[in-house]
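Colleague: I've got this one open on my screen and I'd like to talk through how the pieces pack. Shall we go helix by helix and then look at how the chains meet?

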2 protein chains.
Amino acid sequence: MKQDNESDLTRAAQGPDGEPVRLSIDGQLMSALLRSMGEPPVRIELWNGDEVGCTKGKEVARIRIANRKSLLKLVVDPEFQFGECFTEGTLRVEGDLVKLLAVLMRGLNKYTSAVRQFIDWSRRRHTNTVADSRDNIHAHYDLGNDFYKLWLDPQLAYTCAYFPTPSTTLAAAQVAKMDLVCRKLRLQPGETVVEAGCGWGALALHMAANFGVKVKAFNISHEQMEYARQRARAEGLGDCVEFIEDDYRNISGNFDAFVSVGMLEHVGRENYRELGTIIDKALSTNGRGLIHSIGLVRPAPLNAWIERRIFPGANPPSLREMLEVLEVPGFSVLDVENLRLHYALTLKYWRENYENAIAEVTRMYGEKFVRIWRVYLSGSQAAFETGQLQLFQVVFARQYTNEVPWTRGYLYGQEAA
Amino acid sequence: MKQDNESDLTRAAQGPDGEPVRLSIDGQLMSALLRSMGEPPVRIELWNGDEVGCTKGKEVARIRIANRKSLLKLVVDPEFQFGECFTEGTLRVEGDLVKLLAVLMRGLNKYTSAVRQFIDWSRRRHTNTVADSRDNIHAHYDLGNDFYKLWLDPQLAYTCAYFPTPSTTLAAAQVAKMDLVCRKLRLQPGETVVEAGCGWGALALHMAANFGVKVKAFNISHEQMEYARQRARAEGLGDCVEFIEDDYRNISGNFDAFVSVGMLEHVGRENYRELGTIIDKALSTNGRGLIHSIGLVRPAPLNAWIERRIFPGANPPSLREMLEVLEVPGFSVLDVENLRLHYALTLKYWRENYENAIAEVTRMYGEKFVRIWRVYLSGSQAAFETGQLQLFQVVFARQYTNEVPWTRGYLYGQEAA
């Protein structure tokens, strides 16, 4: 047994090309972590000069770790501590941050230690009561409209865009997404729509202006609602769109369509059945619904760092979990589309816009904030590129209604008027 | 309390136009059943001359019940006994059987008695071990190919067709369905496909002949496999399609695509995780999968009469339950389409073909068999028309692969080569 352990250490102390290298105990530890992650193509340099990782020149990026404390944090709780150390500047990256995060995400899927599982299980997470939701949403979406204007599209759509071709611009792709949603909902002039979680109001205004519907749009972010109301007035849509600063749980009335783009992530699984009941009450006999949400291939907690530092209370569901919303009221699922790669491309644009505005962001919020948002946007792009995150659009109607499209061809031009 | 009961009885003894009618205790009972079903638009005539139901002339069909024994059976266990009494001839229908069954299905959803629930809970159902599956499948699919030739399309596709327009013929719609499945799977010449539950082999042969792939097709129905092998030889496709008379649980090898059309209904929920593991083993890194299955809006047992007399062991899942197959191996769901109304139309054609061949069916199997299949085909059409049954096509791939279509436009002509 002892001999085996010794030979393991000997192997660990070999360089990437097999040549013997003398590693410190810290280097050995880092090397062991990489092995347990399936040896992702990265090179890591420690404060003491030790360097571990793949064959030189094959790495997608290089990581520099500044001290032993950061190394130990990373080994014990890598999901959470990568973001923390990156923010503090004790972990620095040279090279492509998105590619690096993509290979690390793939690697972490292989690395299952009991310690990691225990830490993840015991982590305190935010809940989503009406009061908590208000705090959770305020923390992210009320950062200041000026900040989001720096890197979102002109209409401030902060959800996955839809690129009819990969060369569509971000601004056009956000309009195309809104159009796709409206086509899927088969909106007719004069109909009524309720929107749960309307962001800065782009979709509500688009539906009213282009499809002639009346919209009630709910959101609990104060800054977003101020902006949305101003835009409605400026565009002469004040009579068609009512922006209501209130929780989706207080939706009342009866509508031809229910739509929610990018809110389910914040609802919390414990509230899915209640959301289903709310939709059931809100929707007319021939009503249509669409839920657009980030999702997962199987149930899992959101990355701990994202949940703590970016989206408190957020919790994307697996598609199966999403369907809990619809199963109790007995809605018929008509269509599910997965737009994962469209979100990866959306995030690429957001990240590029963000980096182009970095001087302004630094001036507004400082260096630490810049790093937090850099690793968040890069990590999100990597997560959609690697399938860690998915994006589902689910269309539904009542079980009994036969007022449903005969095929989906109308979505793709052939039958569109 | 007694007075209330009496006044109920008095109301029950009023005719459809409010005129006082003297009903026997049997008529009262039938009338009470109809009330508990929300008064569906039917008229029911009893052996003793009593007539109950909606206003005369408003009924979609008339039912004649031949004796008290049948009446009592219907009241206690309507789901099961409608089919039984129809088969025995003690319940006869004048008018449109499909419309009648549609209004009764809607009504039964409202009629929840403790007795009905207890009966349904205590009903013995068939299981789906490897041995049981063989018996269950034999009971239905080995009835004789000559029988199915009387009313299916020329290729004997015994699953939901896809009608590009509602005026497409059944034969063309079955070809269109096979094409749709192949397009969704993005089959390329030279690729390999495994099919679980291949019926009479139409899809396997279509894939080989039109998409240049090699297919291994599994099925445990002996009659179907004999037929499929003969067809493969006759069409010179013996080298491209291997028909294997074996359970899907014995699939081995690695394939570019997995497809299963109309088998999941027979798998049984207790076997979904195992099916997921089998698909996981069978699929290559960039492999695609498609499962086509009858489904439900929420979990429920299959209609008891259908399970006993038509499809022993069958058990259509809700979409949420279907996703159990894919969630454990962590497949990414790319696309879900609901083709419920296409199945209603498919069944309309099958039923019409069946009625046109009724003399031949009677000669082959007798009157009782004719009635069993009449009520089964009519009830199935009604079930898809009313949303009691749904039809889901689910397309999936591995979580990490980015070899997925950019949009779904290619399915609808624009981008198709």
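Modeller: Sure. Keep in mind that this is a predicted model. Helix H16 (residues 340-356) of chain A packs on helix H18 (residues 367-385) of chain A, with axes 8 Å apart and an angle of about 160 degrees.

Colleague: So how are H16(A) and H18(A) oriented to each other?

Modeller: The angle between H16(A) and H18(A) is about 160 degrees. Angles over 145 degrees count as roughly antiparallel. H16(A) and H18(A) are therefore roughly antiparallel.

Colleague: Which residues of H18(A) meet H16(A), and how many in the contact are nonpolar?

Modeller: From H16(A) come Arg340(A), Tyr343(A), Ala344(A), Leu347(A), Lys348(A), Trp350(A), Arg351(A) and Tyr354(A). On the H18(A) side they meet Trp373(A), Leu377(A), Ser378(A), Ser380(A), Gln381(A), Phe384(A) and Glu385(A). Sorted by class, this contact has 4 charged residues, 3 polar ones and, to your second point, 8 nonpolar.

Colleague: Over in chain B, how does H5(B) lie relative to H18(B)?

Modeller: Helix H5 (residues 97-110) of chain B and helix H18 (residues 367-385) of chain B have axes 8 Å apart, at an angle of about 55 degrees. That angle makes H5(B) oblique to H18(B).

Colleague: And is the crossing of H5(B) and H18(B) left-handed or right-handed?

Modeller: H5(B) brings Leu97(B), Val98(B), Leu101(B), Ala102(B) and Met105(B) to the contact, and residues from H18(B) include Arg374(B), Gly379(B) and Ala382(B). As for the way H5(B) passes H18(B), the crossing is right-handed.

Colleague: Now the chains. Which element gives the largest share of the side of chain A that touches chain B?

Modeller: Across the interface, 33 residues of chain A are in contact with 33 residues of chain B. Helix H14 (319-322) and strand E10 (331-338) of chain A each supply at least two residues to chain A's side. The largest share, 8 residues, belongs to E10(A).

Colleague: What is the bridge partner of Val336(A) in E10(B)?

Modeller: E10(A) and strand E10 (residues 331-338) of chain B run antiparallel, joined by 3 bridges. Across from Val336(A), the bridge partner is Val336(B).

Colleague: Last one: what kind of axis relates chain A to chain B?

Modeller: Chain A superposes on chain B (RMSD 0.0 Å) by a rotation of 180 degrees with 0.0 Å of shift along its axis. The copies also meet through the same surface, because 100% of the interface residues of chain A are interface residues in chain B too. The rotation and shift give the relation of a two-fold axis.

Conventions: Residues are numbered from 1 along each chain as its sequence is written. Chains are lettered from A and ligands numbered from 1 in the order in which they are written. This is a predicted model: local features need pLDDT of at least 70, side-chain atom pairs count only at pLDDT 80 or more; totals for chains, interfaces and linings use all residues. Axes are lines fitted to C-alpha atoms, for helices over the stretch in contact, and angles run from 0 to 180 degrees between N-to-C directions. Helices (H or I, at least four residues) and strands (E, at least two) are DSSP runs, numbered from the N terminus. Angles under 35 degrees count as roughly parallel, over 145 as roughly antiparallel, 65 to 115 as roughly perpendicular and the rest as oblique. A crossing is left-handed if the near helix is turned anticlockwise from the far one by less than a right angle, and right-handed if clockwise. Two residues are in contact if their C-beta atoms, placed from the backbone, lie within 7 Å. Two strands pair if DSSP finds at least two bridges between them. Copies are superposed by least squares on the C-alpha atoms of residues with pLDDT of at least 70 in both. Ala, Val, Leu, Ile, Met, Phe, Trp, Tyr, Cys and Pro count as nonpolar, Asp, Glu, Lys and Arg as charged, and the others, Gly among them, as polar.
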